[in-house]
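Grab a pencil and work through these exercises with the model open beside you. Each one sets a task and then walks through a solution.

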Amino acid sequence: MELNGNNFISKTEVTPATFAGKLSKVTISGDAEADAAGLIGTHEHMELVQVKKYGDEWWFILRKMSAAELERMQNRGDIDYIAMMTGVTL
C-alpha cells in the first residue's frame, strides 16, 4: 500500500466490512514516510474513518481512539449491563 498524508491507498478492494472486528490491534509497517508520520508499530483501538474508491484504488483512513472515547464506551457498556441485569429499560 501507499501512504498519502493520513490516507492508505490500496490496489486491492477494501470496504468497511474488510475492517469489521479487526481494529482492536493494528500493526503497521512501512517506509520512512510512514515512520515520520508516527504510524509504524502496533496500535490499539483504531477506528475506520472512511473508505473511498478513486479510479482503481481504494483510499482509507484509520485513527486511534482517544482515552476519553474508550472510557465513554466502557462506561456505556457498564450502564447497559447494569440495566440489563436489573431489568431497567433505558
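**Exercise 1. Decide whether F19 is buried or exposed, then do likewise for F60.**

Step 1: F19 has a relative accessibility of 12%. Buried means under 20% relative accessible area, exposed means over 50%, and partly exposed is in between, with a 1.4 Å probe and protein chains only. F19 therefore counts as buried.

Step 2: F60 comes in at 4%, so F60 is buried too.

A word on the source: this is a predicted model, where local features need pLDDT of at least 70 and side-chain atom pairs count only at pLDDT 80 or more, while totals for chains, interfaces and linings use all residues. Residues are numbered from 1 along each chain as its sequence is written, and side-chain values use heavy atoms, with hydrogens and water left out.

**Exercise 2. Work out how many aromatic pairs there are, and classify the F19–F60 and Y54–W59 pairs.**

Step 1: Start with the rule. Rings of Phe, Tyr and Trp (its six-membered ring) pair if their centres lie within 6.5 Å; planes under 30 degrees apart are stacked, over 60 edge-to-face, and the rest tilted. The count comes to 3 aromatic pairs.

Step 2: For F19 and F60, the ring centres are 4.9 Å apart and the planes sit at 55°, so this pair is tilted. It joins distant parts of the chain, with F19 in helix α1 (residues 16-19) and F60 in strand β6, 41 residues apart. Helices (H or I, at least four residues) and strands (E, at least two) are DSSP runs, numbered from the N terminus.

Step 3: For Y54 and W59, the centres are 5.6 Å apart and the planes are at 80°, so call this one edge-to-face. Y54 is partly exposed at 46% relative accessibility, whereas W59 is buried at 19%.

Step 4: Ring pairs also link F8, F19 and F60 into a cluster.

**Exercise 3. Find out which residues touch the most other members of the largest nonpolar core, and which strand supplies the largest share.**

Step 1: A nonpolar core is a set of buried Ala, Val, Leu, Ile, Met, Phe, Trp, Tyr and Cys residues joined through side-chain atoms within 4.5 Å. The largest one has 13 residues, and F8, F19, L23, V26, F60 and L62 touch the most other members.

Step 2: β3 (25-28) and β6 each supply at least two residues of this core. The largest share, 3 residues, comes from β6.

Step 3: For background, nonpolar side chains tend to be buried together in soluble globular proteins.

**Exercise 4. Place F8 and list what it contacts.**

Step 1: F8 lies in strand β2 and is buried, at 11% relative accessibility.

Step 2: Contact means heavy atoms within 4.5 Å. Skip neighbours within four places in sequence, and F8 is in contact with M1, E2, L3, I28, L39, W58, W59, F60 and L62.

Step 3: Now try a C-alpha to C-alpha distance: F8 and G55 are 15 Å apart in space and 47 residues apart in sequence.

**Exercise 5. Lay out the open sheet and name its edge strands.**

Step 1: Two strands pair if DSSP finds at least two bridges between them. Here 4 strands make an open sheet, ordered β1-β2-β6-β5, with antiparallel pairing.

Step 2: β1 (2-4) and β5 (46-54) are the edge strands, each pairing on one side only.

Step 3: Zoom in on β2 (residues 7-10), which pairs with β6 in the antiparallel sense over 3 bridges. In β6, W58 is the bridge partner of S10.

**Exercise 6. Say where E57 sits and what its side chain does.**

Step 1: E57 is in strand β6 (residues 57-64). Its relative accessible area is 17%, so E57 is buried.

Step 2: The side chains of E57 and W59 share a polar contact of 3.3 Å. That term means a pair of N or O atoms within 3.5 Å; within protein, one must be able to donate a hydrogen and the other to accept it, and residues adjacent in sequence count only if both atoms are side-chain atoms.

Step 3: Not counting residues up to four places away in sequence, E57 touches E2, I9, S10, K11 and K52.

**Exercise 7. Compare the settings of H43 and H45.**

Step 1: H43 belongs to strand β4 (residues 41-44) and is buried, with a relative accessible area of 12%.

Step 2: H45 is in the loop between β4 and β5 and is partly exposed, at 33%. H45 has a positive phi of about 60° although it is not a glycine.
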